Amino acid sequence: MIYFDKVSKWYSGGNSVAIEDITFQVAPHEFVSIVGHSGAGKSTLLKLLIAEDKPSEGTVFYESIDIHKIPRGKLPKYRRKIGTVFQDFKLLPHKTAFENIAFAMEANGRTDEEITENVPQALALVDLEDKIFNFPHELSGGEKQRVAIARAIVNQPDIIIADEPTGNLDPIATYEVVQILKKINDLGTTVIMTTHNKGVIDELGRRVLTMDSGKIVRDDASGKYVL
Ligand code: ADP
Ligand code: MG
């Protein structure tokens with residue numbers, strides 16, 4: 001369970017409010033999309049959830065733990081529960097698909113045996129077994145994003161956070177990425193995604209939070225995109 005309790009975040013002396021008095025919950029295994037114009041506060045909300053930033057007011061809970069009270073030394077353990085996917089993929093350019101994913105496992109203290117076994121499994125889940133030794137520059141945008149998703153899931157997180165994951169993709173690659181996120185959600189992982197894409201929301205038919213000027217202005221149980 002994720003619970004934002006009256007959370008606000010402002011920057012530089014309080015004259016720029018990024019999010020304001022946000023309260024909502026996400027249950028385990030939900031797939032939640034967050035929509036809203038640029039600057040609405042979507043990325044800020046996700047940054048607070050991965051404890052990359054601190055709220056100015058209010059509390060963010062994960063399973064009744066106030067995540068901003070987790071001691072610095074224990075933060076990596078918390079963050080391992082969350083896999084992240086970004087619009088610009090963030091793959092390491094001089095590493096192959098295999099090495100990019102293996103790197104995330106090494107950082108997590110996993111053994112060579114686990115890496116040899118789990119990297120191909122993760123790539124199979126995103127339908128990219130045949131690109132295992134390709135470098136990012138040898139992959140299409142959609143393929144790069146699928147490698148990034150494989151990297152995000154390989155350590156079996158509870159939650160996947162995807163910030164505009166289809167923002168740089170054409171419609172076909174967008175469709176494929178959404179299908180993969182759905183599949184990961186069906187396998188039991190909570191997914192929280194931001195998007196500008198009405199087609200994606202319609203295709204998903206899942207819960208949609210709409211943000212405007214730092215506030216949640218709608219919370220629809222099934223797929224309404226109103227901007
Ligand atoms: P979205 O992801 O919906 O486009 P953001 O969460 O990135 O919106 O930004 C929300 C608001 O907070 C914007 O007005 C943005 O300029 C401001 N903001 C975000 N990050 C920072 C920062 N590090 N410093 C100052 N202002 C920021
Ligand atoms: Mg953003």
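**Pockets and sheet of the predicted model**

Helix H4 (residues 112-125) is the element that contributes most to the lining of the second largest pocket, supplying four residues. The structure described here is a predicted model. The second largest pocket encloses about 270 Å³ of space. Its lining consists of Asn118, Gln121, Ala122, Leu125, Ile153, Val154, Gln156, Pro157, Ile184, Leu187 and Thr189. By character, these lining residues comprise seven nonpolar, four polar and no charged residues.

The largest pocket holds about 650 Å³ of space. It is lined by 20 residues, of which Ile82, Thr84, Ala104, Arg151 and Asn155 are the closest to its centre. Two or more lining residues come from each of helix H2 (75-79), strand E6 (82-86), helix H3 (97-106) and helix H5 (141-153). Strand E6 provides the largest share of this lining, with four residues. The lining of the largest pocket is made up of ten nonpolar, five polar and five charged residues.

Apart from the pockets, the model contains an open sheet of four strands, arranged in the order E2-E1-E4-E5 with antiparallel pairing. Strand E2 (16-26) and strand E5 (65-66) lie at the edges and have a single partner strand each, so one side of each is left without a neighbour in the sheet. Strand E1 (residues 2-11) and strand E4 (residues 57-62) run antiparallel and are joined by five bridges. Phe4 is placed opposite Val60 in E4. Helix H1 (residues 42-49) lies across E1, E2 and E4, and its direction makes an angle of about 120° with E1.

How values were computed
Residues numbered from 1 in each chain as written. Chains lettered and ligands numbered in written order. Predicted model: local features only at pLDDT ≥ 70, side-chain atom pairs only at ≥ 80, totals over all residues. Heavy atoms only, no water. Pairing = 2+ DSSP bridges. Contact = heavy atoms within 4.5 Å. Axes fitted to C-alpha atoms, helices over the stretch in contact; angles between N-to-C directions. 1 Å grid on protein atoms, 1.4 Å probe; cavity = no way out; pocket = protein on both sides within 12 Å on 5 of 7 lines; lining within 4 Å. Points joined across faces, edges and corners; volume = space filled by probe spheres on them. Nonpolar A, V, L, I, M, F, W, Y, C, P; charged D, E, K, R; others polar.
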